[in-house]
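Biologist: Hello! I am new to this structure, and I would like a close look at a single part of it. Could you walk me through how the helices pack there?

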Amino acid sequence: MSRAIVIIGPPGAGKGTQARRLSEKYGYPQISTGDILREMAQAETVLGQEIRTTLASGKLVSDEILAEVIRTRTSLPDCKNGYILDGFPRTINQAHQLEELAEEQKKEVLLVRAMVHEEVLFKRLTGRSTCPKCGEIYNVYFRPSKVEGVCDLDGETLKQRSDDNPEAVQRRFSEYRTATAPLIEYYRSNGRLIEIDGEGKVEEIFEKLCSLIEGLTSR
Ligand code: AMP
């Protein structure tokens, strides 16, 4: 059966980084709802304005908007054999939406939870920047680029996200604790939860993650 692999974790847990590697290894598309919403936020429409304001505050965008985004994106042909969800679901209501969708699409849902302490997360978020051209992720504390503010791979100027400032980060932690953390029990109770320590080296975490995914699907 083809798979929908969900990566869940607090902001800064490395969801995007691991999702990107899984996508390269398995050939499944990486679907980042944060990236899709940031793109939608650029439109000069009422919807674009609404999303822009919500993102900058660190609050969650409505379940109705997310339902539409996910259904549309996962219906594209590249999702036929499987896909990786980075940032969705984030509420119990969205988890129910995903269950329904996965049943229609005949996908087995696996949840990967990345665990990281909050002090580390705070540095990861407030220190991070991304290359707008190739998507490479840097961090001034843990993974600085060779020249400050410039991508090592293509020389592009690195960008910081509008919600990686301390106030928005606190709000995002609080949204995670109240809305998203309850999903962990939901998936644990039906045996589809993989938990990984998200604090080591990216490559080591990735290897562990792959062997856990393969172990779970070969049972
Ligand atoms: P991320 O890039 O995953 O950290 O997401 C950035 C922001 O996009 C979040 O703080 C939310 O405002 C919004 N967002 C992303 N995914 C979702 C989701 N599944 N439900 C609601 N809001 C979301």
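Modeller: Here is a walk through some helix contacts, followed by the nonpolar cores. This is a predicted model, in which local features need pLDDT of at least 70, side-chain atom pairs count only at pLDDT 80 or more, and totals for chains, interfaces and linings use all residues. Residues are numbered from 1 along each chain as its sequence is written, and side-chain values use heavy atoms, with hydrogens and water left out.

Let us start with helix H2 (residues 33-40) and helix H4 (residues 63-74); helices (H or I, at least four residues) and strands (E, at least two) are DSSP runs, numbered from the N terminus. H2 and H4 pack at an angle of about 105°, with their axes 11 Å apart. Axes are lines fitted to C-alpha atoms, for helices over the stretch in contact, and angles run from 0 to 180 degrees between N-to-C directions. H2 and H4 are therefore roughly perpendicular to each other (angles under 35 degrees count as roughly parallel, over 145 as roughly antiparallel, 65 to 115 as roughly perpendicular and the rest as oblique). On the H2 side, the contact (heavy atoms within 4.5 Å) is made by Thr33, Ile36, Leu37 and Met40; H4 brings Ile65, Leu66, Val69, Ile70 and Arg73.

H4 also meets H5: their axes come within 10 Å and cross at roughly 25°, so H4 and H5 are roughly parallel to each other. Residues of H4 in this contact include Leu66 and Ile70, while those of H5 include Gln97 and Leu101.

H2 has another partner, H3, and the axes of H2 and H3 come within 8 Å and cross at roughly 130°. H2 and H3 are therefore oblique to each other. Leu37, Arg38 and Met40 of H2 touch Leu47, Gly48, Ile51 and Leu55 of H3.

Now for the cores. A nonpolar core is a set of buried Ala, Val, Leu, Ile, Met, Phe, Trp, Tyr and Cys residues joined through side-chain atoms within 4.5 Å, where buried means under 20% relative accessible area (1.4 Å probe, protein chains only). The largest has 28 residues, and Leu85, Leu98 and Tyr187 have the most contacts inside it. Among the elements that each supply at least two residues of this core are helix H3 (46-57), H4 and helix H5 (92-105). Leaving aside neighbours within four places in sequence, Leu98 is in contact with Val6, Tyr83, Leu85, Phe88, Pro89, Val109 and Tyr187.

Terms used
Buried means under 20% relative accessible area, exposed over 50%, partly exposed in between (1.4 Å probe, protein chains only).
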